[in-house]
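Student: Let's skip the overview. Pick one part, take a close look, and then tell me how the rest connects to the packing inside.

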Amino acid sequence: MALFLDILTIVLPVFLVIALGYFLQRGALIDQAFLFQTNRLVYYICLPLLLFYKIGTADFFANFNGALVLGSAATIAIGFFVSYGYAALRGYPPAARGSFSQGSFRGNLAYMGLAIVFNAYGETGFTRAGILMGFLVPVLNFFAILALLLPHRDSEGNRGAAFWLRQIAFNPLIIASFAGILWSFLALPMPVILDRSLHIATGMTLPLALIAIGGSFSLKRLKGDLVRAAFATGIKIVWLPLIAAVLLVALGVTGQDLAIGVLMAGTPAATATYIMAHQMKGDAELAGSIVMMSTLLSAVTYTAALFILRTLGL
């Protein structure tokens with residue numbers, strides 16, 4: 001019973017804040033314009049500042065685990081090849097193939113992953129997860145672009161690969177993570193004024209991110225082919241954490257790093273999958289259904305994952 005209550009204290013606060021965002025939107029206290037601006041604020045300012053601050057003030061050599069990065073990146077690659085291959089073998093239409101594949105491996109690391117890890121393992125876990133995310137975001141974006149471009153490789157009118165590679169290179173989360181990694185690697189001191197300013201400014205990041213998720217949540221997006229959405233959801237929040245666990249153990253990753261790798265692999269599909277599906281001739285209905293379904297069911301899978309991890313002493 002004590003173990004179950006411990007897990008609830010990790011998972012429930014995250015989903016209660018998400019629920020707060022949902023009811024604020026339903027009660028018309030926030031609207032779509034607010035959510036749009038909040039997402040921009042979090043994505044371009046708050047989260048980059050938080051990543052730079054937490055990573056930059058940490059000891060890089062004490063928090064970086066190359067095997068964790070390698071195993072997590074390999075998990076993403078496996079998720080892409082398995083999901084895309086499955087969709088191709090089943091004869092999914094090009095639009096559905098890209099959205100199905102992307103939703104099967106592209107997780108919401110920044111909003112959900114970091115929040116769960118922070119609640120489970122505190123500042124230390126957050127820093128290690130932040131460094132890991134800095135290396136994984138380019139990998140996720142690369143395979144997401146590949147998943148959406150491949151089905152339409154013979155058609156005209158898509159933005160080219162060069163455009164999307166530029167989006168990866170100038171992604172604010174990638175820039176902030178690597179700036180923090182460089183700051184930490186060089187062991188540069190953080191000026192007191194800057195340290196205190198960042199401490200205040202970054203405190204709003206995770207609450208705003210979770211409220212934005214809740215405010216954007218709509219069961220109306222659960223439409224289209226729900227069987228395909230359920231299959232993609234199963235791959236994303238059930239099979240990928242299991243694959244990650246096997247790969248990380250095989251690579252010798254243990255303890256808190258193993259738990260972080262599993263929790264980051266088990267994040268629900270990112271909202272960006274829906275946005276990119278719109279922009280790159282994907283099946284936006286399917287993408288939206290995967291995001292909604294995986295976010296809703298991740299409350300269950302995260303509880304199960306944390307129960308297993310805590311039982312194993314992690």
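Tutor: Start with Ala-28, which counts as exposed because its relative accessibility is 65%, over the 50% cut-off. Keep in mind that this is a predicted model. Ala-28 sits in the loop joining α1 (2-26) and α2 (32-56). The backbone is the odd bit: phi at Ala-28 is positive, about 65 degrees, even though the residue isn't a glycine. As background, most residues other than glycine have a negative phi. Ala-187 also has a positive phi without being a glycine, at about 55 degrees. Its place is the loop between α8 (172-185) and α9 (192-201), and Ala-187 is exposed, with a relative accessible area of 64%.

Now for the inside. Leu-114, in helix α6, counts as buried because its relative accessibility is 0%. Leaving out residues up to four places away in sequence, Leu-114 touches Leu-47, Leu-51, Leu-109, Phe-126, Ala-129, Gly-130, Met-133 and Met-264. For a sense of spacing, the C-alpha atoms of Leu-114 and Phe-64 are 16 Å apart, with the two positions 50 residues apart along the chain.

Met-264 is worth following too. With the same sequence neighbours left out, Met-264 touches Leu-109, Gly-113, Leu-114, Val-117, Ala-129, Leu-132 and Met-133. Zoom out, and the largest nonpolar core has 64 residues; the members touching the most others are Leu-47, Phe-105, Met-133, Leu-263 and Met-264. Helix α6 (residues 109-149) is the top contributor to this core, giving 22 residues. A second core lies apart from that one, with 14 residues including Ala-87, Phe-100, Ile-290 and Met-293.

Which helix does α6 cross at roughly 150 degrees? That's α10 (residues 205-216), and the two axes come within 10 Å. Since roughly 150 degrees is over the 145 cut-off, α6 and α10 are roughly antiparallel to each other. Their crossing is left-handed. On the α6 side, the contact uses Ala-110, Tyr-111, Met-112, Ala-115, Phe-118 and Phe-126; on the α10 side, Leu-206, Ala-209, Leu-210 and Ile-213. Sort that contact by class and you get ten nonpolar residues, no polar ones and no charged ones. Phe-126 turns up twice in this story: it belongs to the contact with α10, and it is one of the residues touched by Leu-114.

How values were computed: Residues numbered from 1 in each chain as written. Predicted model: local features only at pLDDT ≥ 70, side-chain atom pairs only at ≥ 80, totals over all residues. Heavy atoms only, no water. Core = buried A, V, L, I, M, F, W, Y, C linked by side-chain atoms within 4.5 Å. Buried < 20%, exposed > 50% of the residue type's maximum accessible area, 1.4 Å probe, protein only. Helix = DSSP H or I, 4+ residues; strand = E, 2+ residues; numbered from the N terminus. Contact = heavy atoms within 4.5 Å. Axes fitted to C-alpha atoms, helices over the stretch in contact; angles between N-to-C directions. Parallel < 35°, antiparallel > 145°, perpendicular 65-115°, else oblique. Left-handed = near helix turned anticlockwise from the far one by under 90°. Nonpolar A, V, L, I, M, F, W, Y, C, P; charged D, E, K, R; others polar.
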